[in-house]
Amino acid sequence: MDKILSARVDESIVHRIGLLARHLCTSKKRIIEDAIRTYAAQIDEGNRLDPLEQTCGAWRRRESANRIITGARKVFSQSIEPHRRPGLLP
């Protein structure tokens, strides 16, 4: 689905987009989309983004997985304790 993008762009750039569109017999939209795709490909190729590094180290933990799970279960059990009906749950 196409979305509308509004941006203030220098008049010379708008003129150049128009000239390119006429020269290549395509739409201004196509010129802008292709330019962004090309630019993004160059950036990605140069930087080789690492998804694990982009998580800001959230996946790195000092505690073991078992300790985190045990703590989460304890907090959950404490939170439902006031709502527990007698005789239904141990």
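## Salt bridges and their network

A salt bridge is here a side-chain nitrogen of Lys or Arg within 4 Å of a carboxyl oxygen of Asp or Glu. In this predicted model, the rule yields a count of four salt bridges. D2, K29 and E33 are joined by such contacts into a network.

One link of the network pairs D2 with K29, whose closest N and O atoms lie 3.2 Å apart. This pair connects distant parts of the chain: D2 belongs to the segment before α1 (11–24), whereas K29 sits in helix α2 (residues 28–47), 27 residues apart. D2 is exposed, its relative accessible area being 57%. K29 is classed as partly exposed, at 43% relative accessibility.

K29 also forms a salt bridge with E33, and here the closest N and O atoms are 3.3 Å apart. Both K29 and E33 are located in helix α2, four residues apart, or about one turn of the helix. An α-helix has 3.6 residues a turn, so residues three or four places apart point the same way. E33 is partly exposed, with a relative accessibility of 28%.

## A further salt bridge in helix α2

Which residue forms a salt bridge with R37? The partner is D34, and the closest N and O atoms of the pair are 3.3 Å apart. Because R37 and D34 are three residues apart in helix α2, about one helical turn separates them.

The two side chains fall into separate accessibility classes. R37 is exposed, having a relative accessible area of 52%, while D34 is partly exposed at 31% relative accessibility.

## Helix α1: geometry and faces

Helix α1 comprises 14 residues, which at 1.5 Å a residue should span 20 Å; the end C-alpha atoms are 20 Å apart, in agreement with that expectation.

Which residues of α1 are buried? They are I17, G18 and A21. These residues cover an arc of only 95° around the axis and therefore lie on the same side of α1. R16, H23 and L24, on the other side of α1, are exposed. After α1 comes C25, which has a positive phi, near 55°.

## Nonpolar surface patch

V9, I13 and V14 make up a nonpolar patch on the surface, and their accessible area together is about 230 Å². Of these residues, V14 lies in helix α1. V14 has a relative accessible area of 43% and is therefore partly exposed; a residue must have over 30% relative accessible area to be included in a patch, so V14 satisfies that cut-off.

## Confidence of the prediction

The average pLDDT of the protein is 85, and 81% of the residues score at least 70. Among the elements of the protein, α1 has the highest mean pLDDT (96), and helix α3 (residues 51–54) has the lowest (69).

Where pLDDT is low, the predicted coordinates should not be read in detail.

Key: Residues numbered from 1 in each chain as written. Predicted model: local features only at pLDDT ≥ 70, side-chain atom pairs only at ≥ 80, totals over all residues. Heavy atoms only, no water. Helix = DSSP H or I, 4+ residues; strand = E, 2+ residues; numbered from the N terminus. Buried < 20%, exposed > 50% of the residue type's maximum accessible area, 1.4 Å probe, protein only. Patch = residues over 30% accessible without salt bridge, like charges linked within 9 Å, V, L, I, M, F, W, Y side chains within 5 Å. Areas by Shrake-Rupley, 256 points an atom, 1.4 Å probe, with all protein chains shown as cover. Expected span 1.5 Å × (residues − 1). Arc of directions from axis to C-beta. pLDDT = per-residue confidence, 0-100.
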